[in-house]
Amino acid sequence: QVQLVESGGGLVQAGGSLRLSCAASGRTFSSYVMGWFRQTPGREREFVAAITWSAGRTSYADSVKGRFTISRDSAKNTVNLQMNSLKPEDTAVYYCAAVPGGSTFDSGSWGQGTQVTVSS
């Protein structure tokens, strides 16, 4: 059973940086796509970034391109999200997700989330 545990959230001033980590366990992830999503109260969960575990191909939401970087560490089985030049509108609960390649994230595994708050 896939388990995902996020860490690294917190409070930061606008313009600052945070690094989120997602510890993945329960299986081999070589055929998986890993993603980060975020959600604020009253709004639907929003895609942030994704990476294919084997090839390391990445994709980003337009709102975070050039500011956020997703990466994976195969030795540690972690997926990281480096967030720079943070804005107040980046405030949200951030979730890590994992899904077999070819499937949608809705059918995948999710972590419990970590709060990111960006003050102006």
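Let's start in the middle: the largest nonpolar core has 29 residues, and Met34, Trp36, Leu81, Met83 and Tyr94 are the ones that touch the most other members. A nonpolar core here is a set of buried Ala, Val, Leu, Ile, Met, Phe, Trp, Tyr and Cys residues joined through side-chain atoms within 4.5 Å. Buried means under 20% relative accessible area, exposed means over 50%, and partly exposed lies in between, using a 1.4 Å probe and protein chains only. Two or more residues come to this core from each of β3, β4, β5, β7, β8, β9 and β11. A second, separate core has six residues, including Val33, Phe37, Val99 and Phe105. In soluble globular proteins, nonpolar side chains tend to be buried together.

Before going further, a word on what you are looking at. This is a predicted model, in which local features need pLDDT of at least 70 and side-chain atom pairs count only at pLDDT 80 or more, while totals for chains, interfaces and linings use all residues. Residues are numbered from 1 along each chain as its sequence is written, and side-chain values use heavy atoms, with hydrogens and water left out. The strands (E, at least two residues) are DSSP runs, numbered from the N terminus, and two of them pair if DSSP finds at least two bridges between them.

Now find strand β9, residues 92-100. Seven of its nine residues are buried, so β9 is largely enclosed by the rest of the structure. Which strands pair with it? Strand β4 (residues 32-39) does so in the antiparallel sense, over eight bridges, and here Trp36 has Cys96 of β9 as its bridge partner. Strand β11 (residues 114-119) is also antiparallel to β9, with three bridges; Ala92 is matched there with Val116 of β11. Strand β10 (residues 109-110) joins β9 over two bridges, again antiparallel, and Ala98 stands opposite Ser109.

From β4 you can step across to strand β5 (residues 46-52), where five of the seven residues are buried. Six bridges link β4 and β5 in antiparallel fashion, with Val33 facing its bridge partner Thr52. The hairpin of these two strands has six residues between them, and Gly42 takes a positive phi near 85° there. β5 in turn runs antiparallel to strand β6 (residues 58-60), joined by three bridges, and Ile51 stands opposite Thr58. In the hairpin of β5 and β6, with five residues between the strands, Gly56 has a positive phi near 75°.

There is another sheet to explore. This open sheet of four strands has the order β1-β3-β8-β7, with antiparallel pairing. Its edge strands are β1 (3-7) and β7 (68-73), each pairing on one side only. Neighbouring strands are turned by 15° against each other on average, direction ignored; the axes are lines fitted to C-alpha atoms, and angles run from 0 to 180 degrees between N-to-C directions. Within the sheet, β3 (residues 18-25) and β8 (residues 78-83) share six bridges, and Leu18 stands opposite Met83.

Finally, visit two loops. Asn77 sits between β7 and β8 and has a positive phi near 55° although it is a residue other than glycine. At 23% relative accessibility, Asn77 counts as partly exposed. Ser85, in the loop between β8 and β9, is not a glycine either, yet has a positive phi of about 50°. With 41% relative accessibility, Ser85 also counts as partly exposed.
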